Amino acid sequence: MSFPGLKQEFLIRGARRAGLLAVLFLLFLAPWNGNIAAQCAMCGTALSSPDDPLRSAIGWSVLFLIAMPFTLFGSIALWLFLAFRQSRTKLPLAAMLPFREESGVDERVPIKEVKQ
Amino acid sequence: MVIFLAAEVMFFSGLIGAYIVYRLASPFWPPLGMPRLPLGVTSINTGVLLTSGYTMYRAMRALRNGSIPGLKRMLWITAALGTVFLLVQGSEWARLIGFGLTLQQGTFGATFFTLIGFHGLHVLGAVIWLLVVLLLAKKNRFSADRRTGVELCGMYWFFVCALWVALFVLVYP
């Protein structure tokens, strides 16, 4: 799959920003870890009995819910990776170099010159 | 579109998570006195929806090859199969309600109608979207170079089909 009309620089910049935002979000959460765990007290009390089937049911449900975002973002990352790799093999190197619209000058190097 | 579909996946994950809790915590499933879900008819209906996924793929391929009549024909078939799926689901729901399975009946009814109902709403939305795309195709808005509208609709349709397989495996047996 390719991205016609979509510049790779734009995608790479977007991915970098998303990564930075994720790191900032985790840093923001770090001091609150103790308080977040406090919400588990209710479930902990309700599920204190080891024979209660609800305990196992909630465990499986939590596992499923934890796995979903990883599966989802893993799939998207894999799809992006494969799409980038495919588009890179399809496009010549000259097409990946920036085109400065403001100056109106095409600074892309012809393919023959790149090969030399 | 990818972000929208990711949000949809997480939405249904929440519903499925709740369903898993109720199902595994319950000693009997379906609970005593509740009707069994119609596995045979729904299996055939699953086949209908999966076939519609294939016809959607054929529609997208026809457009890539520049065949607008092929696109229209396949979109028609896809929309018709989606409508058949909804009608069969509707008739099965009517039967289940007749047997006493309602949304207010308990966790079984609530989880069943919420999960399958939301999926049905998504299929309905997808069929409407498909008809809009068909209308645009009739006005020659698409070509081999301009196919974004069809491909986005196709992505949504594939999502709805794949989601149904997961729900069917989880809810009906």
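Me: How many of the 173 residues of chain B count as buried, as a percentage?

Reply: Good place to begin! This is a predicted model, and in it 45% of the 173 residues of chain B count as buried. For chain A, which has 116 residues, buried residues make up 10%.

Me: Which kinds of secondary structure elements are found in chain B, helices or strands?

Reply: Count the elements, then read them in order. Chain B has five helices and zero strands, so its pattern along the sequence is written α-α-α-α-α. Chain A holds six helices and zero strands, and from the N terminus on its elements run α-α-α-α-α-α.

Me: Now I'd like to look at pairs of helices. At what angle do helix H2 and helix H5 of chain B pack?

Reply: For a helix pair, look at the angle and at the spacing of the axes. Helix H2 (residues 39-64) and helix H5 (residues 148-171) of chain B pack at about 160°, and their axes are 10 Å apart. Because an angle over 145 degrees counts as roughly antiparallel, H2(B) is roughly antiparallel to H5(B). You can also give the pair a handedness: the crossing of H2(B) and H5(B) is left-handed.

Me: Let me try another pair. How far apart are the axes of H3(B) and H4(B)?

Reply: Their axes are 9 Å apart, and helix H3 (residues 68-98) of chain B packs against H4(B) at an angle of about 155°. Try the cut-off again, and you will find that H3(B) is roughly antiparallel to H4(B). The crossing of H3(B) and H4(B) is left-handed.

Me: On to the charged side chains. How many salt bridges does a search of the whole structure find?

Reply: Here is the general idea: side chains of opposite charge can pair when their charged atoms come close. In this structure, the search finds three salt bridges over all chains. One of them pairs B:Arg64 with B:Glu151, and the closest N and O atoms are 3.5 Å apart. This pair links distant parts of the chain, since B:Arg64 lies in helix H2 and B:Glu151 in helix H5 of chain B, 87 residues apart.

Me: Which residue besides B:Arg64 forms a salt bridge with B:Glu151?

Reply: That is B:Arg147, with closest N and O atoms 2.9 Å apart. Salt bridges that share partners therefore join B:Arg64, B:Arg147 and B:Glu151 into one network. You can check the surroundings of each member too. B:Arg64 is partly exposed, at 38% relative accessible area. B:Glu151 is partly exposed at 24%, and B:Arg147 is partly exposed at 27%.

Me: Where do B:Glu92 and B:Arg95 lie?

Reply: Both belong to helix H3 of chain B, three residues apart, which is about one turn of the helix. Their side chains meet in a salt bridge, with 3.5 Å from N to O.

Me: Is B:Glu92 buried or exposed?

Reply: Compare its value with the cut-off: buried means under 20% relative accessible area. B:Glu92 has 8% relative accessibility, so B:Glu92 counts as buried. Its partner B:Arg95, at 46%, counts as partly exposed.

Me: What about nonpolar side chains on the surface? Which residues make the nonpolar surface patch of about 510 Å²?

Reply: Find these on the model: B:Phe11, B:Phe118, B:Leu121, B:Leu124, B:Ile128 and B:Val132. The largest share of the patch, five residues, comes from helix H4 (residues 107-138) of chain B. B:Leu121 makes a handy example. B:Leu121 sits in helix H4 of chain B, and because its relative accessible area is 53%, B:Leu121 is exposed.

Me: Last topic: the backbone. Which peptide bond is cis, with omega near 0°?

Reply: A general rule helps here: most residues other than glycine have a negative phi, and most peptide bonds are trans. In this model, the bond from B:Trp29 to B:Pro30 is cis, with omega near 0°. You will find B:Pro30 in the loop between helix H1 (2-25) and H2 of chain B.

Me: And what is the phi of B:Asn140?

Reply: B:Asn140 has a positive phi of about 60°, although B:Asn140 is not a glycine. To find B:Asn140, go to the loop between H4 and H5 of chain B.

Terms used:
Residues are numbered from 1 along each chain as its sequence is written. Chains are lettered from A and ligands numbered from 1 in the order in which they are written. This is a predicted model: local features need pLDDT of at least 70, side-chain atom pairs count only at pLDDT 80 or more; totals for chains, interfaces and linings use all residues. Side-chain values use heavy atoms; hydrogens and water are left out. Patches are made of residues with over 30% relative accessible area and no salt bridge: like charges are joined within 9 Å, nonpolar side chains (Val, Leu, Ile, Met, Phe, Trp, Tyr) within 5 Å. Accessible areas come from the Shrake-Rupley method with a 1.4 Å probe; for residues, only the protein chains shown count as cover. A salt bridge is a side-chain nitrogen of Lys or Arg within 4 Å of a carboxyl oxygen of Asp or Glu. Helices (H or I, at least four residues) and strands (E, at least two) are DSSP runs, numbered from the N terminus. Buried means under 20% relative accessible area, exposed over 50%, partly exposed in between (1.4 Å probe, protein chains only). Axes are lines fitted to C-alpha atoms, for helices over the stretch in contact, and angles run from 0 to 180 degrees between N-to-C directions. Angles under 35 degrees count as roughly parallel, over 145 as roughly antiparallel, 65 to 115 as roughly perpendicular and the rest as oblique. A crossing is left-handed if the near helix is turned anticlockwise from the far one by less than a right angle, and right-handed if clockwise.
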